[in-house]
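Visitor: I would like a close look at one chain, taken slowly, with its side-chain pairs and its surroundings. Please begin with the chain as a whole and then go residue by residue.

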Amino acid sequence: MKTGQWLKSPKGQLTSILAVNLILAVGASRDWKGILIAGVAVAFAVLTDILIGSIKKRKRMVPDGAVITGLILASVMGTHTSWTIAAAMTMIAIASKHLIAHKKKPVFNPAVVGLLLAIPLFHAEQSWWGAFGDSPAWTIALLVAEGYWITNRVRKFPQAFSFFGTYFLIMLVMGMFHVGDASDAWRAPFINGALFFGFFMMTDPPTSPAKAMDQVIYGVIIGTAGAVVYSIFGGLIYFFIGQLAGNLYYFLKVRWPNHKKQTRQPVNFQKRSSL
Amino acid sequence: MANMSKKWIVLCTAAIATVYAAGYWDTESQATIPNAAADDQVLQAASSEPSINNTYKDGIYSGTGMNRRGSIQVTITIEQDRIMDVEISDFAMHYSESDIVGLPDEVTQSQSATVDNVSGATYSTAAFEDAVQDALAQAAIH
(Lines give C-alpha, C1' and ligand atoms only; values in the text may rest on other atoms or scores of the structure.)
Protein backbone atom coordinates (compact mmCIF):
# COMPACT_ATOMS: atom_id res chain seq x y z
CA MET A 1 0.00 0.00 0.00
CA LYS A 2 1.36 3.41 -0.94
CA THR A 3 1.63 6.24 1.60
CA GLY A 4 -1.19 8.20 -0.04
CA GLN A 5 -3.51 5.18 0.05
CA TRP A 6 -2.56 4.42 3.67
CA LEU A 7 -3.28 8.01 4.75
CA LYS A 8 -6.76 7.70 3.25
CA SER A 9 -7.45 4.39 5.02
CA PRO A 10 -9.13 4.33 8.49
CA LYS A 11 -5.86 3.06 10.02
CA GLY A 12 -3.86 5.86 8.41
CA GLN A 13 -6.35 8.49 9.47
CA LEU A 14 -6.54 7.21 13.06
CA THR A 15 -2.73 7.17 13.26
CA SER A 16 -2.58 10.76 11.98
CA ILE A 17 -5.29 11.92 14.40
CA LEU A 18 -3.64 10.30 17.43
CA ALA A 19 -0.21 11.70 16.49
CA VAL A 20 -1.57 15.23 15.92
CA ASN A 21 -3.48 15.07 19.22
CA LEU A 22 -0.34 14.07 21.11
CA ILE A 23 1.57 17.00 19.59
CA LEU A 24 -1.28 19.40 20.46
CA ALA A 25 -1.50 18.02 24.01
CA VAL A 26 2.24 18.40 24.52
CA GLY A 27 2.04 21.97 23.20
CA ALA A 28 -0.87 22.83 25.51
CA SER A 29 0.68 21.35 28.66
CA ARG A 30 4.34 22.16 27.81
CA ASP A 31 5.09 18.69 29.17
CA TRP A 32 7.70 17.49 26.69
CA LYS A 33 8.03 14.11 28.39
CA GLY A 34 4.92 13.13 26.46
CA ILE A 35 6.90 13.01 23.22
CA LEU A 36 9.45 10.65 24.80
CA ILE A 37 6.70 8.37 26.12
CA ALA A 38 4.99 8.28 22.71
CA GLY A 39 8.28 7.48 20.97
CA VAL A 40 9.10 4.66 23.39
CA ALA A 41 5.58 3.18 23.18
CA VAL A 42 5.48 3.21 19.37
CA ALA A 43 9.04 1.88 19.01
CA PHE A 44 8.50 -1.03 21.41
CA ALA A 45 5.08 -1.80 19.92
CA VAL A 46 6.58 -2.06 16.42
CA LEU A 47 9.60 -4.09 17.57
CA THR A 48 7.46 -6.53 19.57
CA ASP A 49 4.99 -6.92 16.70
CA ILE A 50 7.75 -7.67 14.20
CA LEU A 51 9.51 -10.04 16.62
CA ILE A 52 6.38 -12.09 17.40
CA GLY A 53 5.30 -11.95 13.75
CA SER A 54 8.63 -13.40 12.62
CA ILE A 55 8.54 -16.11 15.32
CA LYS A 56 5.04 -17.07 14.13
CA LYS A 57 6.22 -16.78 10.52
CA ARG A 58 3.49 -14.31 9.58
CA LYS A 59 3.40 -13.35 5.90
CA ARG A 60 2.13 -9.82 6.57
CA MET A 61 4.73 -7.90 8.58
CA VAL A 62 3.39 -4.34 8.40
CA PRO A 63 3.14 -3.13 12.01
CA ASP A 64 0.55 -0.39 11.33
CA GLY A 65 -1.79 -1.77 14.00
CA ALA A 66 1.09 -1.81 16.49
CA VAL A 67 1.76 1.90 15.82
CA ILE A 68 -1.87 2.67 16.70
CA THR A 69 -1.66 0.57 19.87
CA GLY A 70 1.53 2.40 20.87
CA LEU A 71 -0.06 5.81 20.27
CA ILE A 72 -3.19 4.87 22.23
CA LEU A 73 -1.12 3.61 25.17
CA ALA A 74 0.97 6.78 25.13
CA SER A 75 -2.21 8.91 25.10
CA VAL A 76 -3.62 7.20 28.18
CA MET A 77 -0.61 6.52 30.42
CA GLY A 78 0.77 9.40 32.48
CA THR A 79 3.56 11.47 30.94
CA HIS A 80 5.63 10.83 34.07
CA THR A 81 5.58 7.08 33.46
CA SER A 82 9.14 5.76 33.29
CA TRP A 83 10.26 4.61 29.86
CA THR A 84 10.85 1.07 31.12
CA ILE A 85 7.25 0.79 32.33
CA ALA A 86 5.98 2.31 29.05
CA ALA A 87 8.03 -0.25 27.11
CA ALA A 88 6.88 -3.18 29.26
CA MET A 89 3.22 -2.09 29.07
CA THR A 90 3.46 -1.86 25.28
CA MET A 91 5.12 -5.26 24.96
CA ILE A 92 2.35 -6.85 27.07
CA ALA A 93 -0.29 -5.21 24.87
CA ILE A 94 1.26 -6.45 21.63
CA ALA A 95 1.95 -9.90 23.08
CA SER A 96 -1.72 -10.22 24.08
CA LYS A 97 -2.71 -9.34 20.50
CA HIS A 98 -0.82 -12.38 19.22
CA LEU A 99 -1.22 -14.79 22.11
CA ILE A 100 -4.85 -14.28 23.19
CA ALA A 101 -6.15 -14.65 19.65
CA HIS A 102 -8.71 -16.61 17.70
CA LYS A 103 -8.26 -17.13 13.96
CA LYS A 104 -5.31 -14.70 13.98
CA LYS A 105 -7.46 -11.90 15.44
CA PRO A 106 -7.09 -10.71 19.05
CA VAL A 107 -9.90 -11.57 21.47
CA PHE A 108 -9.33 -8.59 23.75
CA ASN A 109 -8.44 -5.02 22.84
CA PRO A 110 -4.60 -5.11 23.07
CA ALA A 111 -4.19 -1.55 24.40
CA VAL A 112 -6.72 -2.22 27.16
CA VAL A 113 -4.95 -5.44 28.20
CA GLY A 114 -1.63 -3.55 28.45
CA LEU A 115 -3.11 -0.65 30.41
CA LEU A 116 -5.03 -2.88 32.80
CA LEU A 117 -2.20 -5.30 33.57
CA ALA A 118 0.26 -2.45 34.04
CA ILE A 119 -1.66 -1.29 37.13
CA PRO A 120 -1.00 -4.35 39.36
CA LEU A 121 2.31 -5.26 37.70
CA PHE A 122 4.05 -1.87 37.47
CA HIS A 123 1.92 0.43 39.56
CA ALA A 124 1.32 2.55 36.44
CA GLU A 125 -1.09 5.49 36.45
CA GLN A 126 -3.34 6.81 33.70
CA SER A 127 -3.85 10.48 32.94
CA TRP A 128 -5.54 10.49 29.47
CA TRP A 129 -3.27 13.44 28.57
CA GLY A 130 -3.39 12.53 24.85
CA ALA A 131 -7.18 12.83 25.08
CA PHE A 132 -6.60 16.46 26.13
CA GLY A 133 -7.19 15.60 29.80
CA ASP A 134 -4.99 18.54 30.85
CA SER A 135 -5.76 20.83 27.90
CA PRO A 136 -8.21 23.74 27.49
CA ALA A 137 -11.94 22.93 27.23
CA TRP A 138 -12.19 23.72 23.49
CA THR A 139 -10.10 20.65 22.71
CA ILE A 140 -13.10 18.48 23.67
CA ALA A 141 -14.90 19.78 20.57
CA LEU A 142 -11.91 18.71 18.46
CA LEU A 143 -11.97 15.27 20.09
CA VAL A 144 -15.67 14.86 19.28
CA ALA A 145 -15.19 15.96 15.65
CA GLU A 146 -12.29 13.53 15.18
CA GLY A 147 -14.26 10.80 16.92
CA TYR A 148 -17.25 11.21 14.57
CA TRP A 149 -14.90 11.13 11.59
CA ILE A 150 -13.20 7.87 12.61
CA THR A 151 -16.41 6.22 13.83
CA ASN A 152 -17.99 6.96 10.46
CA ARG A 153 -14.97 5.54 8.59
CA VAL A 154 -15.08 2.24 10.50
CA ARG A 155 -18.91 2.19 10.56
CA LYS A 156 -19.24 1.89 14.31
CA PHE A 157 -21.90 4.50 15.09
CA PRO A 158 -24.40 1.98 16.58
CA GLN A 159 -21.91 0.83 19.23
CA ALA A 160 -20.60 4.33 19.93
CA PHE A 161 -24.13 5.70 20.46
CA SER A 162 -25.27 2.73 22.55
CA PHE A 163 -22.14 3.04 24.71
CA PHE A 164 -22.43 6.80 25.27
CA GLY A 165 -26.22 6.59 25.76
CA THR A 166 -25.98 3.79 28.34
CA TYR A 167 -22.96 5.22 30.17
CA PHE A 168 -24.37 8.75 30.37
CA LEU A 169 -27.84 7.56 31.44
CA ILE A 170 -26.42 5.47 34.31
CA MET A 171 -24.16 8.38 35.34
CA LEU A 172 -27.18 10.72 35.25
CA VAL A 173 -29.12 8.43 37.62
CA MET A 174 -26.04 8.09 39.86
CA GLY A 175 -25.71 11.87 39.98
CA MET A 176 -29.38 12.29 40.88
CA PHE A 177 -28.99 9.88 43.80
CA HIS A 178 -25.52 11.16 44.77
CA VAL A 179 -23.89 7.77 44.20
CA GLY A 180 -20.11 7.66 43.74
CA ASP A 181 -18.25 10.54 42.09
CA ALA A 182 -20.79 10.98 39.29
CA SER A 183 -20.07 14.71 39.06
CA ASP A 184 -16.49 14.01 37.93
CA ALA A 185 -17.65 11.80 35.07
CA TRP A 186 -19.10 14.81 33.20
CA ARG A 187 -15.95 16.88 33.45
CA ALA A 188 -12.33 16.88 32.31
CA PRO A 189 -10.33 14.70 32.36
CA PHE A 190 -12.96 11.97 32.79
CA ILE A 191 -15.23 13.11 29.95
CA ASN A 192 -12.13 13.26 27.74
CA GLY A 193 -11.36 9.68 28.72
CA ALA A 194 -14.92 8.58 27.89
CA LEU A 195 -14.83 10.25 24.45
CA PHE A 196 -11.37 8.93 23.58
CA PHE A 197 -12.31 5.45 24.73
CA GLY A 198 -15.69 5.37 22.96
CA PHE A 199 -14.43 6.75 19.65
CA PHE A 200 -10.86 5.46 19.33
CA MET A 201 -10.45 2.38 21.55
CA MET A 202 -13.84 0.62 21.52
CA THR A 203 -14.08 0.92 17.75
CA ASP A 204 -11.02 -1.31 17.14
CA PRO A 205 -12.35 -3.36 14.16
CA PRO A 206 -10.79 -6.79 14.98
CA THR A 207 -12.20 -6.86 18.52
CA SER A 208 -15.61 -5.26 17.96
CA PRO A 209 -18.70 -6.50 16.08
CA ALA A 210 -19.71 -5.49 12.56
CA LYS A 211 -23.48 -6.04 12.56
CA ALA A 212 -25.64 -3.21 13.89
CA MET A 213 -27.54 -5.22 16.53
CA ASP A 214 -24.35 -6.85 17.83
CA GLN A 215 -22.78 -3.38 18.01
CA VAL A 216 -25.71 -2.03 20.05
CA ILE A 217 -25.50 -4.89 22.58
CA TYR A 218 -21.70 -4.55 22.70
CA GLY A 219 -21.99 -0.82 23.48
CA VAL A 220 -24.65 -1.39 26.15
CA ILE A 221 -22.51 -4.07 27.88
CA ILE A 222 -19.41 -1.85 27.94
CA GLY A 223 -21.35 1.24 29.07
CA THR A 224 -23.14 -0.68 31.84
CA ALA A 225 -20.07 -2.55 33.10
CA GLY A 226 -17.96 0.63 33.02
CA ALA A 227 -20.54 2.71 34.88
CA VAL A 228 -21.17 0.02 37.51
CA VAL A 229 -17.44 -0.46 38.18
CA TYR A 230 -17.04 3.34 38.43
CA SER A 231 -19.92 3.65 40.92
CA ILE A 232 -18.65 0.83 43.16
CA PHE A 233 -14.87 1.20 42.99
CA GLY A 234 -14.23 4.65 41.49
CA GLY A 235 -10.65 4.88 40.25
CA LEU A 236 -9.76 4.88 36.58
CA ILE A 237 -10.02 1.28 35.39
CA TYR A 238 -13.78 1.22 34.77
CA PHE A 239 -13.55 1.60 30.99
CA PHE A 240 -10.97 -1.16 30.79
CA ILE A 241 -13.17 -3.60 32.71
CA GLY A 242 -16.12 -2.60 30.51
CA GLN A 243 -14.05 -3.18 27.38
CA LEU A 244 -13.01 -6.67 28.45
CA ALA A 245 -16.67 -7.53 29.19
CA GLY A 246 -17.64 -6.30 25.71
CA ASN A 247 -14.81 -8.22 24.04
CA LEU A 248 -15.84 -11.37 25.89
CA TYR A 249 -19.46 -10.94 24.74
CA TYR A 250 -18.37 -10.46 21.14
CA PHE A 251 -16.12 -13.50 21.25
CA LEU A 252 -18.55 -15.87 22.98
CA LYS A 253 -21.77 -14.74 21.29
CA VAL A 254 -20.58 -13.87 17.79
CA ARG A 255 -17.07 -14.99 16.82
CA TRP A 256 -17.00 -18.45 18.45
CA PRO A 257 -20.53 -19.55 17.32
CA ASN A 258 -19.77 -18.30 13.78
CA HIS A 259 -16.53 -20.25 13.77
CA LYS A 260 -18.33 -23.42 14.93
CA LYS A 261 -21.01 -22.98 12.25
CA GLN A 262 -18.35 -22.64 9.56
CA THR A 263 -16.43 -25.71 10.70
CA ARG A 264 -19.64 -27.79 10.87
CA GLN A 265 -20.83 -26.74 7.39
CA PRO A 266 -20.99 -29.77 5.07
CA VAL A 267 -18.73 -29.73 2.04
CA ASN A 268 -20.60 -28.79 -1.11
CA PHE A 269 -19.67 -31.79 -3.28
CA GLN A 270 -21.83 -30.65 -6.19
CA LYS A 271 -19.91 -27.38 -6.38
CA ARG A 272 -16.59 -29.18 -6.06
CA SER A 273 -17.37 -31.67 -8.78
CA SER A 274 -18.22 -28.86 -11.15
CA LEU A 275 -14.75 -27.39 -10.75
CA MET B 1 -20.99 -3.46 8.22
CA ALA B 2 -23.38 -1.09 9.97
CA ASN B 3 -24.23 2.09 8.16
CA MET B 4 -26.37 4.74 9.85
CA SER B 5 -28.38 7.38 8.05
CA LYS B 6 -27.59 11.04 8.74
CA LYS B 7 -31.04 11.45 10.27
CA TRP B 8 -30.34 8.77 12.89
CA ILE B 9 -26.87 10.14 13.58
CA VAL B 10 -28.35 13.59 14.25
CA LEU B 11 -31.16 12.17 16.41
CA CYS B 12 -28.81 10.00 18.49
CA THR B 13 -26.34 12.87 18.88
CA ALA B 14 -29.12 15.17 20.09
CA ALA B 15 -30.39 12.56 22.57
CA ILE B 16 -26.92 11.89 24.00
CA ALA B 17 -26.11 15.61 24.16
CA THR B 18 -29.35 16.17 26.10
CA VAL B 19 -28.47 13.45 28.64
CA TYR B 20 -24.95 14.90 28.93
CA ALA B 21 -26.29 18.42 29.52
CA ALA B 22 -28.75 17.11 32.14
CA GLY B 23 -25.96 15.20 33.93
CA TYR B 24 -23.61 18.17 33.87
CA TRP B 25 -26.24 20.58 35.11
CA ASP B 26 -27.55 18.19 37.79
CA THR B 27 -24.06 17.72 39.31
CA GLU B 28 -23.00 21.37 39.04
CA SER B 29 -23.31 21.95 42.80
CA GLN B 30 -21.50 18.67 43.67
CA ALA B 31 -18.67 19.46 41.28
CA THR B 32 -18.02 23.01 42.36
CA ILE B 33 -14.44 23.00 43.59
CA PRO B 34 -14.60 23.76 47.29
CA ASN B 35 -12.99 26.97 48.37
CA ALA B 36 -9.77 25.75 49.91
CA ALA B 37 -9.46 28.80 52.10
CA ALA B 38 -12.96 28.27 53.51
CA ASP B 39 -12.41 24.55 54.13
CA ASP B 40 -9.00 24.97 55.65
CA GLN B 41 -8.80 26.04 59.23
CA VAL B 42 -6.67 26.46 62.25
CA LEU B 43 -7.94 23.52 64.27
CA GLN B 44 -6.01 24.42 67.40
CA ALA B 45 -3.55 27.23 67.94
CA ALA B 46 -1.25 27.81 70.88
CA SER B 47 -2.25 30.69 73.13
CA SER B 48 1.32 31.69 73.98
CA GLU B 49 3.22 34.05 71.70
CA PRO B 50 5.82 32.30 69.51
CA SER B 51 9.50 33.17 69.68
CA ILE B 52 10.51 35.93 67.30
CA ASN B 53 12.89 33.56 65.49
CA ASN B 54 10.19 30.95 64.80
CA THR B 55 8.79 30.28 61.32
CA TYR B 56 5.56 28.63 62.47
CA LYS B 57 3.04 29.08 65.27
CA ASP B 58 2.36 26.01 67.43
CA GLY B 59 -0.99 24.36 66.75
CA ILE B 60 -2.92 22.00 64.47
CA TYR B 61 -3.68 23.20 60.96
CA SER B 62 -5.64 21.82 58.03
CA GLY B 63 -4.82 22.35 54.35
CA THR B 64 -6.20 21.22 50.99
CA GLY B 65 -4.57 20.43 47.66
CA MET B 66 -6.52 19.67 44.50
CA ASN B 67 -6.23 19.16 40.78
CA ARG B 68 -8.36 17.70 37.98
CA ARG B 69 -7.96 14.20 39.41
CA GLY B 70 -9.34 14.94 42.89
CA SER B 71 -8.35 16.48 46.22
CA ILE B 72 -6.44 15.72 49.40
CA GLN B 73 -6.85 17.30 52.82
CA VAL B 74 -4.11 17.06 55.44
CA THR B 75 -3.83 17.94 59.12
CA ILE B 76 -0.44 18.99 60.43
CA THR B 77 0.72 19.48 63.99
CA ILE B 78 3.36 22.14 64.72
CA GLU B 79 5.24 22.14 68.02
CA GLN B 80 8.18 24.37 68.86
CA ASP B 81 8.54 25.45 65.25
CA ARG B 82 8.73 21.86 63.98
CA ILE B 83 6.30 19.76 61.92
CA MET B 84 5.63 16.98 64.44
CA ASP B 85 2.83 15.12 62.66
CA VAL B 86 1.12 15.01 59.26
CA GLU B 87 -2.08 13.08 58.62
CA ILE B 88 -4.11 12.65 55.45
CA SER B 89 -7.53 13.55 56.81
CA ASP B 90 -9.44 13.26 53.51
CA PHE B 91 -8.37 11.47 50.34
CA ALA B 92 -10.63 12.09 47.31
CA MET B 93 -8.30 11.30 44.41
CA HIS B 94 -9.14 8.87 41.58
CA TYR B 95 -6.06 6.85 42.51
CA SER B 96 -5.26 4.57 45.41
CA GLU B 97 -4.47 6.19 48.78
CA SER B 98 -1.89 3.47 49.46
CA ASP B 99 0.28 5.06 46.72
CA ILE B 100 1.18 7.99 48.96
CA VAL B 101 0.97 6.45 52.39
CA GLY B 102 4.68 7.18 53.05
CA LEU B 103 4.55 10.88 52.21
CA PRO B 104 3.46 12.19 55.67
CA ASP B 105 6.58 10.66 57.24
CA GLU B 106 8.71 12.20 54.50
CA VAL B 107 7.39 15.65 55.43
CA THR B 108 8.11 15.23 59.14
CA GLN B 109 11.63 13.98 58.38
CA SER B 110 12.50 16.70 55.86
CA GLN B 111 10.48 19.43 57.65
CA SER B 112 9.36 20.57 54.22
CA ALA B 113 6.29 20.32 52.00
CA THR B 114 8.47 19.18 49.12
CA VAL B 115 8.49 15.39 48.75
CA ASP B 116 9.91 12.97 46.19
CA ASN B 117 7.50 12.18 43.38
CA VAL B 118 5.93 8.75 43.85
CA SER B 119 6.12 6.73 40.64
CA GLY B 120 2.59 6.03 39.42
CA ALA B 121 1.10 8.68 41.73
CA THR B 122 2.19 11.99 40.20
CA TYR B 123 -1.17 13.72 40.62
CA SER B 124 -1.67 12.46 44.19
CA THR B 125 1.86 13.58 45.11
CA ALA B 126 1.21 17.06 43.67
CA ALA B 127 -2.11 17.38 45.54
CA PHE B 128 -0.46 16.21 48.78
CA GLU B 129 2.35 18.76 48.44
CA ASP B 130 -0.17 21.54 47.79
CA ALA B 131 -2.21 20.47 50.84
CA VAL B 132 0.85 20.54 53.15
CA GLN B 133 1.95 23.87 51.67
CA ASP B 134 -1.55 25.25 52.28
CA ALA B 135 -1.54 24.12 55.93
CA LEU B 136 1.96 25.49 56.50
CA ALA B 137 0.91 28.83 55.03
CA GLN B 138 -1.70 29.10 57.78
CA ALA B 139 0.81 28.17 60.43
CA ALA B 140 3.40 30.63 59.18
CA ILE B 141 4.18 33.71 61.25
CA HIS B 142 3.65 36.64 58.92
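Guide: Of the 275 residues in chain A, 54% count as buried. Please keep in mind that this is a predicted model. The radius of gyration of chain A is 19 Å, which agrees with the value near 19 Å for a compact globule of 275 residues. The C-alpha trace of chain A spans about 65 × 40 × 35 Å along its principal axes. In secondary structure, chain A has 13 helices and two strands. Among its contacts with a separation of 6 or more, 80% are between residues 24 or more positions apart. The area that chain A exposes is about 12,500 Å², and 69% of this comes from carbon and sulfur atoms.

The record adds an annotation. In an unreviewed entry, UniProt lists residues 35–55, 67–95, 107–123, 161–179, 185–204 and 216–241 of chain A under "transmembrane region". Two of these spans can be compared with the model. Residues 161–179 of chain A are 84% helix and 0% strand, with 24 Å between the end C-alpha atoms. Residues 185–204 of chain A are 65% helix and 0% strand, and their end C-alpha atoms lie 23 Å apart.

Some residues of the span 161–179 of chain A also belong to a surface feature. Val173(A), Met176(A), Phe177(A) and Val179(A) make up a nonpolar patch on the surface, with about 390 Å² of accessible area together. Within this patch, Val173(A) sits in helix H8 (residues 157–176) of chain A. Val173(A) counts as partly exposed because its relative accessibility is 43%, between the limits of 20% and 50%.

Next come the charged pairs. Side chains of opposite charge can pair when their charged atoms come close. Over all chains of the structure, the search finds four salt bridges. One of them joins Asp64(A) and Lys11(A), at 3.4 Å from N to O. This pair links distant parts of the chain, with Asp64(A) in helix H4 (residues 64–76) of chain A and Lys11(A) in helix H2 (residues 10–29) of chain A, 53 residues apart. Asp64(A) counts as buried because its relative accessibility is 11%, while Lys11(A), at 35%, counts as partly exposed.

Another salt bridge is formed by Lys97(A) and Asp49(A), whose closest N and O atoms are 3.4 Å apart. Here too distant parts of the chain are linked: Lys97(A) lies in helix H5 (residues 83–99) of chain A, and Asp49(A) lies in helix H3 (residues 33–55) of chain A, 48 residues apart. Lys97(A) has a relative accessibility of 19%, so it counts as buried, the limit being under 20%. Asp49(A) is buried as well, with a relative accessible area of 10%.

Lys97(A) leads on to Pro110(A), since it is among the contacts of Pro110(A) beyond four places in sequence. The others in that list are Thr69(A), Ala93(A), Ser96(A) and Asp204(A). Pro110(A) is in helix H6 (residues 110–122) of chain A and, at 6% relative accessibility, counts as buried. Its C-alpha atom is 9.9 Å from that of Gly70(A), a residue 40 positions away along the chain.

A further buried residue is Gln243(A), in helix H12 (residues 238–264) of chain A. Gln243(A) has 0% relative accessibility, so it counts as buried. Leaving aside neighbours within four places in sequence, Gln243(A) is in contact with Asn109(A), Val112(A), Phe197(A), Met201(A), Met202(A), Tyr218(A) and Ile222(A).

The last pair reaches outside chain A. Glu28(B) and Arg187(A) meet through their side chains in a salt bridge of 3.5 Å, N to O. Glu28(B) is in helix H2 (residues 28–31) of chain B and Arg187(A) is in the loop between helix H9 (182–185) and helix H10 (190–201) of chain A, so the pair joins two chains. Arg187(A) counts as buried at 14% relative accessibility, whereas Glu28(B) is partly exposed, with a relative accessible area of 38%. As for chain B, an unreviewed UniProt entry lists its residues 68–139 as "domain: FMN-binding". In the model that span of chain B is 36% helix and 31% strand, and its end C-alpha atoms lie 26 Å apart.

Technical notes. Residues are numbered from 1 along each chain as its sequence is written. Chains are lettered from A and ligands numbered from 1 in the order in which they are written. This is a predicted model: local features need pLDDT of at least 70, side-chain atom pairs count only at pLDDT 80 or more; totals for chains, interfaces and linings use all residues. Side-chain values use heavy atoms; hydrogens and water are left out. UniProt positions are given in the numbering used here, feature names are shortened, and annotations may be inferred rather than shown by experiment. Helices (H or I, at least four residues) and strands (E, at least two) are DSSP runs, numbered from the N terminus. Patches are made of residues with over 30% relative accessible area and no salt bridge: like charges are joined within 9 Å, nonpolar side chains (Val, Leu, Ile, Met, Phe, Trp, Tyr) within 5 Å. Accessible areas come from the Shrake-Rupley method with a 1.4 Å probe; for residues, only the protein chains shown count as cover. Buried means under 20% relative accessible area, exposed over 50%, partly exposed in between (1.4 Å probe, protein chains only). The radius of gyration is taken over C-alpha atoms; the globule rule is 2.2 Å times the number of residues to the power 0.38. Contact means heavy atoms within 4.5 Å.
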